[in-house]
Amino acid sequence: MPAETLPVTTPDGAFSAYVARPPSPKAPAVVVIQEIFGVNAVMRGVCDDLAKAGYLAVCPDLFWRIEPGIDITDQSEAEWKRAFELYNAFDVEQGVEDIAATIAAVRADPGCSGKVGSVGFCLGGLLSFLTATRTDADASVCFYGVGIEQFVAEAATLATPLMLNIAEEDQFVPKPAQEQIKAALKNHTGVDIFSYPGRDHAFARKGGEHYDAADAALAEARTLDFFKQTLG
């Protein structure tokens, strides 16, 4: 049976988002924001897990402007090379606009209760932060977001709950960047920041080199608790 997709229309064209539906006919939605590997099995798995937890989960194909349908892994040197090519070609500003379009599309879905959150990983962690500052999402979660420190001034516009999961030994988010992020957000109400000692980038990516089952489960539990409180 082919996977369900949600069409998303923008002024520049249309793209699709992977959809995982919960048992309930109407539920809050969560936009799952991809890593640099596209809408791959890991991201689809995140959606499927959120659906089992009662959320309408969608993962938009944010690389569609470069090449639609990217679906690669972190298991080979060639795939890593391609992933970084995609990362370097990606336009963050357009990406956030595409996420806003996805939020509007999923809100209009008959299965959505009206509330929409976001959760992003790696590149998606940065995009989830910008989703919190630039869109009408109701709540946002960031997993080891790369480059958030470059946009922390935007925290001034935060009006909805935000949660960050930071890997303390993240090779792509050095400790000075982590401190900059924490300092910029520490006085904001509605912001939860969790640090994971000894963890490297992508500690929650199942099958990844730095995957840690215990801390991945802890971060997932915190995320579900956060969404329960903020989305219902």
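This section describes a β-α-β unit and the largest pocket of a predicted model.

Local features require pLDDT of at least 70, side-chain atom pairs count only at pLDDT 80 or more, and totals for chains, interfaces and linings use all residues. Residues are numbered from 1 along each chain as its sequence is written, and side-chain values use heavy atoms, without hydrogens or water.

Helices (H or I, at least four residues) and strands (E, at least two) are DSSP runs, numbered from the N terminus. Strands pair if DSSP finds at least two bridges between them. Strand β5 (residues 112–121) runs parallel to strand β3 (residues 27–33), with six bridges. Here A27 stands opposite C112. Five bridges join β5 to strand β6 (residues 139–143), also in parallel. G117 is partnered by A139 of β6. From β5 the chain passes through α4 to β6 in a right-handed crossover (clockwise from the first strand over the helix to the second, with the strands pointing away from the viewer).

Burial means under 20% relative accessible area (1.4 Å probe, protein chains only). In β5, seven of 10 residues are buried. In α4, 11 of 12 are buried, including L126, F129 and L130. Helix α4 (residues 123–134) should span 16 Å because each residue adds 1.5 Å, and its end C-alpha atoms are indeed 16 Å apart. The expected span is 1.5 Å times one less than the number of residues.

Strand β5 also contributes at least two residues to the lining of the largest pocket, as do α1 (41–52) and α6 (213–230). Of its 22 lining residues, V46, D49, F121, A204 and E220 lie nearest the centre. Pockets are open sets of points on a 1 Å grid over the protein atoms alone, where a 1.4 Å probe fits, with protein on both sides within 12 Å along at least five of seven lines; lining residues have an atom within 4 Å of a point. The volume is about 370 Å³, taken as the space filled by probe spheres set on the points, which are joined across faces, edges and corners.

Terms used
Buried means under 20% relative accessible area, exposed over 50%, partly exposed in between (1.4 Å probe, protein chains only).
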